[in-house]
Amino acid sequence: IIVYGEKSLTQLRGEVHKAEDRVFAMFNSLNSDDEFDIHCYREAPIGSHIKRRVCRANFVKEATSEEARQLLRGQPGVSAWTKTRHKDKLLQAEMEALVLERPEFLKAVNEYAEANRALKSERQRRCDGRVTTCRK
C-alpha cells in the first residue's frame with residue numbers, strides 16, 4: 001500500500017533550509033576567501049523574542065561586531081553597512097563565477113531555487129491571500 005500525502009509548509013521550509021545549507025557549505029569550501037564564508041543561525045531581531053533564520057558572511061558579522069564595540073565605547077565610526085558594501089559586491093561576483101565554473105555548485109543553487117519556488121507556490125495555494133499567518 002502506498003499512501004501519498006501533502007508535505008506541510010514546515011516540511012517544505014525545512015527542505016529549503018537544507019538546500020540552502022548545501023549551497024553555503026559548497027560555497028564555503030570553494031570560495032577564495034574565508035571572509036566570504038556564509039553561516040546560518042537563528043537570532044531574534046532587535047525588539048523581538050521571535051528567532052528567525054539569518055545567513056551572513058563572516059565579513060558582515062565582523063563589521064557588525066566592530067560597529068557595536070565602537071558604539072559601546074562611545075567612539076564614532078563607520079557603519080557596518082558602509083564597510084560591507086564593497087565586499088558584498090565581491091562576494092556576489094565570487095558566487096557568480098563559481099556558478100559558471102562549477103557544475104556541481106550550479107546544481108546545488110538550482111535545487112535551492114526549486115525548493116524555494118515549491119514552498120512559495122504551496123504557501124500561495126494554501127493561504128490564498130489571507131492576511132493572517134498561514135500554517136497549513
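Helices α3 and α4 (residues 103–127) pack with their axes 5 Å apart, at an angle of about 110°. Since angles from 65 to 115 degrees count as roughly perpendicular, that makes α3 roughly perpendicular to α4. On the α3 side, the contact comes from Met95, Leu98, Val99 and Glu101, and they meet Pro103, Phe105, Leu106 and Val109 of α4. Keep in mind as you look around that this is a predicted model.

Helix α3 has another partner to look at. The axes of α1 (residues 9–30) and α3 come within 11 Å of each other and cross at roughly 95°, so this pair is roughly perpendicular too. Here α1 brings Phe24, Phe27 and Leu30, while α3 answers with Leu91, Glu94, Met95 and Leu98. If Met95 and Leu98 ring a bell, that's because they are also among the α3 residues that touch α4.

Here are the two helix pairs side by side.

| Helix pair | Axis distance | Crossing angle |
|---|---|---|
| α3 and α4 | 5 Å | about 110° |
| α1 and α3 | within 11 Å | roughly 95° |

Now for α2, which covers residues 58–73. How far apart should the ends of a helix with 16 residues be, at 1.5 Å a residue? The expected span is 22 Å, and the end C-alpha atoms of α2 sit 23 Å apart, so the two agree. Phe59, Val60, Ala63 and Gln70 are the buried residues to find in this helix. They take up an arc of only 100° around the axis, which puts them on the same side of α2. And what lies over them? The cover for the buried residues of α2 includes strand β2 (52–57) and helix α3 (80–101). Right after α2 ends, Gly74 takes a positive phi of about 75°.

Strand β2 also takes part in a covalent link. The structure holds one disulfide, and it joins Cys40 to Cys55, with the sulfur atoms 2.0 Å apart. The link is right-handed, with 110° about the S-S bond. It ties together distant parts of the chain: Cys40 belongs to strand β1 (residues 38–43) and Cys55 to strand β2, 15 residues apart.

Are these cysteines buried or exposed? Neither label fits, because buried means under 20% relative accessible area and exposed means over 50%. Cys40, at 24% relative accessibility, therefore counts as partly exposed. Cys55 has a relative accessible area of 29%, so it is partly exposed as well.

Notes. Residues are numbered from 1 along each chain as its sequence is written. This is a predicted model: local features need pLDDT of at least 70, side-chain atom pairs count only at pLDDT 80 or more; totals for chains, interfaces and linings use all residues. Side-chain values use heavy atoms; hydrogens and water are left out. Helices (H or I, at least four residues) and strands (E, at least two) are DSSP runs, numbered from the N terminus. The expected span of a helix is 1.5 Å times one less than its number of residues. Buried means under 20% relative accessible area, exposed over 50%, partly exposed in between (1.4 Å probe, protein chains only). The arc is that of the directions from the helix axis to the C-beta atoms. Contact means heavy atoms within 4.5 Å. A disulfide is a pair of cysteine sulfur atoms within 2.5 Å. Axes are lines fitted to C-alpha atoms, for helices over the stretch in contact, and angles run from 0 to 180 degrees between N-to-C directions. Angles under 35 degrees count as roughly parallel, over 145 as roughly antiparallel, 65 to 115 as roughly perpendicular and the rest as oblique.
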